[in-house]
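Student: Could you take me through one part of this model closely, choosing a helix and what it packs against, and then connect that to the rest of the interior?

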Amino acid sequence: MTTAIHPTAVIDPKAELDSSVRVGPYSVIGPHVRIGAGTKVGPHVVIEGHTTIGRDNTLFQFSSIGAAPQDKKWAGEPTRLEVGDRNTIREFCTFNTGTVQDAGVTRLGNDNWISAYVHLAHDCQVGSNTIFSNNAQLAGHVRIGDWVILSGFANVHQFCQIGDHAFVGMSTSLTQDVPPYVLLSGNPAAAHGVNIEGLKRRGFTREQIDGIRAAYKIIYRSGLTLEQAKAALEQEEAARPEAAAQIGAMRQFLNGATRGIVR
């Protein structure tokens, strides 16, 4: 199959595009870009920097992918952006490369749905199967787990972490970490329970959900300090073998939280 590149697109001869890649009108692709099989690049998309994009992605019009980080410390180092497979990236998204002050790479995993006007700043690490609604914004060095949902206009402060299966409500501004499975919203952000509906849709058992709810109560409803809550979670993990993996994930997240948790 011949690469389907519109005659108005500008593709640097050093770029590496699989023969099945499609590129729309007026798009620009730089010399250090690699794009995998089946990916479709819409019109007026700019892909630059040291950027690797995997298989079967769809990039809609007017996105800027792989531009230099918005960080005054960046001095032209060849940092990277890595995008996985089967992602949908809607209009006007901006993904920046990393910085040498971190891992040097910004990453987006697989099977993510990224809506219009989403920003992934330098060094963000985003997992798989996430949904970012319109205008969700990540500052630098943010870590996002798998199956996370960010509602429209949600904002995440630099260095924050959000655990797997968390749900962040519309227009929420996060300045602290969010444990796995937690549902939160508001300004200031506050936890409002467990993302039960999302867990049910993803096949979690009743025993697993009950264990997650018990862990949530220890963290948020028991009046314990964070250190006391960690100890109580360890006991709960041993008492609920059917939900030990989920409770353990919450405990381990607390151990690795760097900005404190929304509580």
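Tutor: Contact here means that heavy atoms lie within 4.5 Å, and with that in hand we can look at helix α2 in this predicted model. The buried residues of α2 pack against β27, β28, α1 (196-201), α3 and α4. The residues of α2 that are buried are Gln208, Ile209, Gly211, Ile212, Ala214, Ala215, Tyr216, Ile218, Ile219 and Tyr220. As for its geometry, α2 has 15 residues and reaches 21 Å from its first C-alpha to its last, which is close to the 21 Å expected at 1.5 Å a residue.

From the helix we can move to the nonpolar interior. The largest nonpolar core has 66 residues, and those with the most contacts inside it are Ile47, Phe132, Leu138, Leu150 and Ile162. Two or more residues of this core come from each of β6 (33-35), β12 (80-83), β27 (182-185), β28 (190-194), α2 (206-220), α3 (226-239) and α4 (244-256), and α2 gives the most, with 7 residues. Leucine 150, one of the residues with the most contacts in that core, shows what such a position looks like in detail: leaving aside residues up to four places away in sequence, leucine 150 touches Ile131, Phe132, Ser133, Ala136, Leu138, Val156, Ile162 and Val168.

A polar side chain in the interior is worth setting beside this. Threonine 106 sits in strand β15 (residues 105-108), and threonine 106 is buried, with a relative accessible area of 0%. A polar atom of the threonine 106 side chain lies 2.8 Å from the backbone oxygen of asparagine 96. Not counting residues up to four places away in sequence, the residues that threonine 106 touches are Arg80, Leu81, Glu82, Asn96, Thr97, Gly98, Ala121, His122, Asp123, Cys124 and Gln125.

Cys124, in that list, leads to the matter of disulfides. Cysteine 124 is buried, with a relative accessible area of 0%, yet its sulfur is 10 Å from the closest cysteine sulfur, in cysteine 160, and is therefore too far for a bond. Cysteine 93 is likewise buried, with a relative accessible area of 0%, and because the sulfur of cysteine 93 is 13 Å from the closest cysteine sulfur, in cysteine 124, that pair is too far apart for a bond. With a cut-off of 2.5 Å between cysteine sulfur atoms, the count comes to 0 disulfides.

Definitions and conventions:
Residues are numbered from 1 along each chain as its sequence is written. This is a predicted model: local features need pLDDT of at least 70, side-chain atom pairs count only at pLDDT 80 or more; totals for chains, interfaces and linings use all residues. Side-chain values use heavy atoms; hydrogens and water are left out. Helices (H or I, at least four residues) and strands (E, at least two) are DSSP runs, numbered from the N terminus. Buried means under 20% relative accessible area, exposed over 50%, partly exposed in between (1.4 Å probe, protein chains only). A polar contact is a pair of N or O atoms within 3.5 Å; within protein, one must be able to donate a hydrogen and the other to accept it, and residues adjacent in sequence count only if both atoms are side-chain atoms. A nonpolar core is a set of buried Ala, Val, Leu, Ile, Met, Phe, Trp, Tyr and Cys residues joined through side-chain atoms within 4.5 Å. The expected span of a helix is 1.5 Å times one less than its number of residues.
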